[in-house]
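Student: Could we go through this protein together? I would like to learn what the words used for it really mean.

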Amino acid sequence: MLTRRGVRVLSSADLGAFLDLASADPVANVFVIHRAQTTNLEPRWLGGEMWGRYDDGELVAACHVAANLVPVQAGPEDAVAFAERALTRRRTASTIVGPQDAVRPFWEQVVAEWGSPREIRWDQRHMQIEGAPSVAPDPAVRVSDRSDMPALYPACVAMYTEEVGVSPEIAGSSDLYRARVLQLVNRGWSFARYDDSGALVFKAEVACATPDAAQIQGVWVPPRLRGKGIATAGMAAVVEQVRATIAPVVSLYVNDWNLAARTAYERVGFAETHRFATVMF
């Protein structure tokens with residue numbers, strides 16, 4: 001059904017219109033573009049739905065509604081419309097994430113029904129780099145392979161637990177998380193650096209990518225080695241390798257309070273482009 005004004009579920013027939021919409025900001029929207037391109041907007045592959053909001057028959061905003069709920073090119077009015085639809089069904093999202101000016105009005109509409117979140121991070125810096133890194137890359141950083149899993153997987157668990165506040169292995173989900181880590185390794189989207197003793201001292205992954213951009217996640221250095229410049233040189237190496245083999249623009253987002261990480265990224269050459277927010281359940 002063609003909706004003149006309102007919200008409806010998008011299908012594979014809407015893929016072109018959705019990609020046109022999201023491509024207005026291909027770096028900030030890299031996650032949803034990646035999801036759309038790899039699932040063809042089919043709910044069974046999305047693990048949820050993609051909603052579109054129309055104005056006079058034109059797609060003007062969208063919302064990825066699965067484990068991650070992500071507004072796409074949505075202003076405050078669009079976010080409220082998506083929230084009203086979300087309130088007609090059970091919450092399935094474990095995270096609401098995206099630009100502040102969409103996440104906040106969405107959350108204000110659903111907070112009474114969706115209950116207390118585990119954590120809200122209102123101020124996250126979305127950053128990107130489009131050229132060569134500003135510092136010398138660490139030549140020892142390399143693409144991970146399956147043989148790295150015994151050292152890499154515990155580091156991923158440690159990073160996730162520190163960043164999110166709960167273990168990814170909670171409630172027997174270790175097999176799923178291990179499969180996700182291995183999937184990134186198999187794609188060539190995992191990077192690691194070891195010291196002379198064979199201990200892992202830096203790691204990072206590409207979370208998602210399109211021909212236009214790649215988004216980094218999971219940057220981690222063991223606590224005992226932080227403050228020594230390992231992350232700065234390591235991220236410079238990741239940027240160099242990702243730009244050479246995956247996508248020309250590299251992005252990430254980081255909590256405002258994580259001054260050490262922000263400083264490292266700025267030294268590499270990342271610059272802030274947006275402010276994001278995340279609500280976690």
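Student: What makes Q124 or Y265 a contact of V254?

Tutor: This is a predicted model, and contact here means that heavy atoms lie within 4.5 Å. Leaving aside neighbours within four places in sequence, V254 meets that test with Q124, R125, M127, A261, R262 and Y265.

Student: How far apart are V254 and Y265, C-alpha to C-alpha?

Tutor: Their C-alpha atoms are 9.4 Å apart, and 11 residues separate the two in sequence. The contact cut-off of 4.5 Å applies to heavy atoms, and V254 and Y265 are in contact by that test.

Student: Why is V254 called buried?

Tutor: Buried means a relative accessible area under 20%. V254 has 6%, so it is buried. You will find V254 in strand β11. Across the protein, 49% of the 281 residues count as buried.

Student: What makes a group of residues a nonpolar core?

Tutor: The members must be buried residues of certain kinds, Ala, Val and Phe among them, joined through side-chain atoms within 4.5 Å. The largest such core has 30 residues, and I216, M235 and F270 touch the most other members. Two or more residues each come from β6 (119-129), β9 (200-209), β10 (213-220), α8 (230-245), β11 (249-255) and α9 (259-268). The largest share, 7 residues, belongs to α8.

Student: Which residues does I216 touch, beyond those up to four places away in sequence?

Tutor: I216 touches A204, E205, V206, M235, V238, V242, V250, S251 and L252. There is also a second, separate core of 23 residues, which includes V65, F82, A93 and F106. As a general point, nonpolar side chains tend to be buried together in soluble globular proteins.

Student: Now for the whole protein. How many helices and strands does the protein have?

Tutor: There are 9 helices and 12 strands.

Student: And why is the protein called as compact as a globular protein of that length?

Tutor: Set the value against the rule: the radius of gyration is 19 Å, and the globule rule gives 19 Å for 281 residues, so the protein is as compact as a globular protein of that length. Along its principal axes, the C-alpha trace spans about 60 × 40 × 35 Å.

Student: What share of contacts joins residues at least 24 apart in sequence?

Tutor: Among contacts between residues at least 6 apart in sequence, that share is 69%.

Student: And what share of the exposed area do carbon and sulfur atoms supply?

Tutor: They supply 51% of the roughly stated total, about 12,900 Å².

Terms used: Residues numbered from 1 in each chain as written. Predicted model: local features only at pLDDT ≥ 70, side-chain atom pairs only at ≥ 80, totals over all residues. Heavy atoms only, no water. Helix = DSSP H or I, 4+ residues; strand = E, 2+ residues; numbered from the N terminus. Rg over C-alpha atoms; globule rule 2.2 N^0.38 Å. Buried < 20%, exposed > 50% of the residue type's maximum accessible area, 1.4 Å probe, protein only. Areas by Shrake-Rupley, 256 points an atom, 1.4 Å probe, with all protein chains shown as cover.
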